[in-house]
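Here's a quick tour of a protein chain for you to follow on screen. Have a look at the sequence and the fold before reading on.

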Amino acid sequence: MGSEGQRGPAATRGPGQGDPRALRRDCQHRIFVNRSLALEKIKCFGFDMDYTLAMYKSPDYEELAFTLLLEHLVAIGYPPEILAYKYDPTFPTRGLVFDALYGNLLKVDSHGNLLVCAHGFRFLKGAEILHYYPNKFIQRDDMKRFHILNTLFNLTEAHLYACLVDFFTNCSRYVNCDTGYKHGNLFMSFCSMFQDVREAMDHVHLSGCLKEKTLENLEKYVVKDPRVPLLLSRMKEVGKIFLATNSDYTYTDAIMSYLFDFSNEDKADVPQRPWRSYFDLIVVDTRKPLFFAEGTVLRQVDTDTGKLRIGTYTGPLQHCAVYSGGSSDVVCDLLGVKGKDILYMGDHIFGDILKSKKRQGWRTFLVVPELARELQVWTEKSELFEELRSLDVFLAELYQHLDSGSSERPDISSIKRRIQKVTHEMDMCYGKMGSLFRCGSRQTLFANQLMRYADLYAASFINFLYYPFSYLFRAPPVLMAHESTVEHSRLDSGDMVAALPPWLAQHGDPSQQVPQDSSGEEEDDGEA
């Protein structure tokens with residue numbers, strides 16, 4: 001199953017003898033696997049709404065949010081000149097870190113090593129980076145200083161920081177300092193700028209102005225896909241479905257009604273039924289990630305008025321009822337399911353995926369809309385990746401016959417410069433901040449978190465349409481450095497023992513030792 005079904009001439013060969021590349025689905029339809037998952041074991045499918053069930057059109061939606069943020073900042077006293085800035089979708093990427101001490105946008109790996117550093121729209125190099133970060137390293141656990149911008153809603157926030165730093169750096173009325181700007185007797189730190197932007201983000205989302213503007217022109221801002229009701233109806237045949245969103249009921253009802261209403265369109269194959277009928281449980285106002293911990297009071301929503309009913313709801317699950325608040329424990333109790341029975345799908349690496357995985361043991365699916373573009377570059381610019389690989393081989397050849405007794409020192413400066421140039425060319429193919437997942441051959445913090453916490457990921461949950469519900473998603477082997485760089489070879493048992501250190505050789509040939517699971521059984525989906 002994990003080989004994705006046979007197609008073409010490979011089907012005439014014996015089991016396991018076909019070319020794996022010929023068996024793969026179209027890359028834009030594929031679901032990628034970090035941890036093996038047997039889909040037939042899933043009893044319940046959970047969904048977030050924003051950027052999961054409801055995809056917002058980019059860059060129109062980000063442009064709207066960016067404009068509202070600028071207007072609010074001007075309303076609280078920022079110079080009106082900042083209104084001249086326009087949202088640039090080629091600049092930000094998810095997973096950036098804002099340094100509230102020095103005002104820099106950083107791209108880092110999972111250990112905190114710097115990959116890219118920008119002050120406003122100016123990318124810092126060499127000595128400039130060392131001035132701020134002597135070890136080209138940050139302490140990610142310093143949460144008061146370093147703020148990770150991981151969500152799709154953060155794209156406008158990241159771009160706004162760059163715009164503000166660019167404006168104040170180049171405005172003659174302000175004096176530049178390492179940690180902010182002076183204007184007469186006033187000092188504005190990057191920390192206070194961060195607080196102002198975060199307050200503006202809260203205002204735009206909580207005041208309802210962004211939602212109001214979105215609902216005024218749903219066709220402009222929300223993607224409508226007839227495959228959504230089709231897939232959910234198929235999922236409901238094999239399991240339960242629930243919706244858990246941070247949005248309020250009024251907004252949720254408006255968005256979901258739009259997504260499931262095809263009455264005025266020529267879609268005869270799309271069943272016309274109320275959107276709530278697709279779900280066994282609907283929970284709004286969840287306040288994730290709190291929802292995955294102690295949660296809040298579970299209340300029932302009056303779907304006629306949108307208002308909450310008084311008191312905590314303690315009854316059984318009601319068909320097509322809508323609830324507010326609650327917790328992931330309550331969801332499990334109402335639906336009669338437990339941790340690994342649930343596959344939860346969301347776009348928020350922290351609020352949806354990390355917390356549901358660590359606190360509840362739910363199986364997880366991360367929606368990564370950027371993956372479509374990432375795959376396009378990965379396939380179309382393969383020559384750049386191959387050149388990086390060949391440069392690595394060239395380096396290895398220079399050092400191949402040298403050891404600790406060699407006095408020769410190969411000049412590798414030109415190779416290092418070429419590696420930097422090719423890495424930069426690769427990054428620019430994705431956007432000004434480069435790939436979401438890597439910088440050259442180094443993976444980003446976002447990539448590491450995705451691999452660690454998301455069992456499955458794809459550009460859209462719609463990709464489940466292209467898999468049977470009996471499918472076994474099989475994770476590829478994750479090779480360590482010694483496994484990926486040392487070729488397999490067969491040695492005589494005598495040669496093998498001779499090659500082993502004495503302390504290991506006396507225990508016999510390790511190739512003949514078969515490790516046993518404590519239970520003597522192997523999980524059929526590869527999960528413990």
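When two helix axes meet, an angle under 35 degrees counts as roughly parallel, over 145 as roughly antiparallel, 65 to 115 as roughly perpendicular, and anything else as oblique. Keep that in mind for the helix pair below. One heads-up: this is a predicted model.

**The whole chain**
- The chain has 528 residues, and 47% of them count as buried.
- Its secondary structure adds up to 18 helices and 21 strands.
- Take the contacts with a separation of 6 or more: 72% of them link residues 24 or more positions apart.
- About 27,300 Å² of the chain's surface is accessible, with 51% of that belonging to carbon and sulfur atoms.

**A pair of helices**
- Helix α5 covers residues 190-206 and helix α6 covers residues 209-216; their axes come within 4 Å and cross at roughly 45 degrees.
- That crossing angle is why α5 and α6 count as oblique to each other.
- On the α5 side, His203, Val204 and His205 make the contact, while α6 brings in Cys209, Leu210 and Lys211.
- Sort the residues of this α5 and α6 contact and you get three nonpolar, two polar and one charged.

**Zooming in on lysine 288**
- You'll find lysine 288 in the loop between β13 (281-284) and β14 (299-300).
- Is lysine 288 buried or exposed? Its relative accessibility is 11%, so lysine 288 counts as buried.
- Leaving out residues up to four places away in sequence, lysine 288 touches several others, including Ala244, Asn246 and Tyr344.
- Asp48 is also among the residues touched, and the side chains of lysine 288 and aspartate 48 make a polar contact at 2.9 Å.
- Lysine 288 and serine 327 sit 39 residues apart along the chain, with 8.9 Å between their C-alpha atoms.

Note on methods
Residues are numbered from 1 along each chain as its sequence is written. This is a predicted model: local features need pLDDT of at least 70, side-chain atom pairs count only at pLDDT 80 or more; totals for chains, interfaces and linings use all residues. Side-chain values use heavy atoms; hydrogens and water are left out. Axes are lines fitted to C-alpha atoms, for helices over the stretch in contact, and angles run from 0 to 180 degrees between N-to-C directions. Helices (H or I, at least four residues) and strands (E, at least two) are DSSP runs, numbered from the N terminus. Contact means heavy atoms within 4.5 Å. Ala, Val, Leu, Ile, Met, Phe, Trp, Tyr, Cys and Pro count as nonpolar, Asp, Glu, Lys and Arg as charged, and the others, Gly among them, as polar. Buried means under 20% relative accessible area, exposed over 50%, partly exposed in between (1.4 Å probe, protein chains only). A polar contact is a pair of N or O atoms within 3.5 Å; within protein, one must be able to donate a hydrogen and the other to accept it, and residues adjacent in sequence count only if both atoms are side-chain atoms. Accessible areas come from the Shrake-Rupley method with a 1.4 Å probe; for residues, only the protein chains shown count as cover.
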